[in-house]
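Grab your viewer and a notepad: here are a few exercises to work through by hand. Try each one before you read its solution.

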Amino acid sequence: MTRLLILVEGQSEEVFAKRTLAPHLAAFGVYASVTVLRTKRIMSGGAFRGGVTSYAKIRQNLLELLGDRNARVTTLLDFYGLPEDFPGRAAIVATPGLTAHDKAIRLQQAFADDIDQPRFIPFLALHEFEAWLFSRPEVVAEHFGNPALAATLSAIVQQAGTPEEINNDPATHPSARIERLIPSFKKTSDGPTILHKTTLATVRTACPHFGEWLTTLEGLGEPTENLSAVA
């Protein structure tokens with residue numbers, strides 16, 4: 001049995017990780033617990049959770065989780081909107097000729113180097129969590145009862161290449177596009193529900209960077225059941 005602690009950016013990622021990712025990993029003998037990034041403590045003893053305000057906050061949260069020496073630790077943070085003080089960010093983002101995947105891999109390595117703990121598995125979602133909703137546009141269209149959405153979302157993916165390559169601009173990053181097309185879209189409920197309907201098998205095929213991370217997490221444990229039935 002392998003214990004895995006997942007530090008996530010916000011509530012959408014929390015719901016996805018608990019509802020869809022954790023049960024999937026359990027079939028591989030990996031038992032996941034999910035923690036939402038804590039950004040600020042308050043005097044009453046509680047905390048504000050969700051959102052990335054600085055790398056210092058990310059690092060502090062991670063080191064607390066890594067204090068559990070019997071667990072592996074990973075992240076589910078967005079590439080889009082990374083804080084300016086994130087390790088290597090300025091140089092890597094400015095390097096010409098790198099694909100989005102290249103940049104994510106280099107940032108993850110810089111992240112790992114800074115944390116310097118072999119139990120840590122860094123992951124940055126390209127370009128953000130909501131990009132995975134483009135993995136199967138028909139599911140989004142069915143969820144909102146709007147068949148025309150399938151063609152519109154498919155065209156966006158075709159233009160970008162893959163869902164993970166839908167760009168990093170403030171006006172055209174994945175969630176901005178979805179919110180413009182679907183004003184009723186609610187990140188914390190619709191997003192995780194659509195991904196659950198889409199299935200991890202579909203997302204990992206459409207989004208190779210996510211697929212690499214999922215394969216790594218699956219490899220941490222020992223299968224506990226017949227995996228032919230696992231999505």
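The exercises below go from confidence to strands, cores and charges.

This is a predicted model, so local features need pLDDT of at least 70 and side-chain atom pairs count only at pLDDT 80 or more, while totals for chains, interfaces and linings use all residues. Residues are numbered from 1 along each chain as its sequence is written, and side-chain values use heavy atoms, with hydrogens and water left out.

**Exercise 1. Find the stretches where pLDDT is under 50.**

Step 1: start with the chain as a whole. pLDDT is the predictor's confidence in each residue, from 0 to 100; its mean here is 92, and 91% of the residues reach 70 or more.

Step 2: look for the dips. Residues 40-48 stay under 50, with 12 contacts (heavy atoms within 4.5 Å) beyond four places in sequence. Residues 226-231 are also below 50, and the model gives that stretch 10 contacts beyond near neighbours in sequence.

Step 3: read with care. Where pLDDT is low, don't take the predicted coordinates in detail.

**Exercise 2. Work out which strands pair with E5, and in which sense.**

Step 1: get the terms straight. Helices (H or I, at least four residues) and strands (E, at least two) are DSSP runs, numbered from the N terminus, and two strands pair if DSSP finds at least two bridges between them.

Step 2: go partner by partner. E1 (residues 2-8) runs parallel to E5 over five bridges, with leucine 5 opposite valine 73. E6 (residues 120-121) is parallel to E5 too, joined by two bridges, and here valine 73 faces phenylalanine 120. E7 (residues 124-125) adds another parallel pairing over two bridges, where aspartate 78 sits opposite alanine 125.

Step 3: check burial (buried is under 20% relative accessible area, exposed over 50%, partly exposed in between; 1.4 Å probe, protein chains only). Six of the seven residues of E5 (residues 72-78) are buried, so the strand is largely enclosed by the rest of the structure.

**Exercise 3. Say which element supplies the largest share of the largest nonpolar core.**

Step 1: define it. A nonpolar core is a set of buried Ala, Val, Leu, Ile, Met, Phe, Trp, Tyr and Cys residues joined through side-chain atoms within 4.5 Å.

Step 2: size it up. The largest one has 41 residues, and those with the most contacts inside it include Leu76 and Trp132. Elements supplying at least two residues each include E1, H1 (11-26) and H6 (148-160). The largest share, five residues, comes from H6.

Step 3: spot the other one. A second, separate core has 24 residues, among them Val73.

**Exercise 4. Compare glutamate 128 with the charged pair arginine 59 and aspartate 114.**

Step 1: a salt bridge is a side-chain nitrogen of Lys or Arg within 4 Å of a carboxyl oxygen of Asp or Glu. That rule gives six.

Step 2: arginine 59 and aspartate 114 meet in one, at 2.8 Å, N to O. They are 55 residues apart, in H2 (residues 55-65) and H4 (residues 100-115). Arginine 59 is partly exposed at 29%, and aspartate 114 is partly exposed at 30%.

Step 3: glutamate 128, in the loop between E7 and H5, is buried with no salt bridge, and lysine 187, the nearest side chain of opposite charge (Lys and Arg positive, Asp and Glu negative; His and chain ends not counted), is 5.0 Å away. Beyond four places in sequence, glutamate 128 touches residues including Asp78, Tyr80 and His173.
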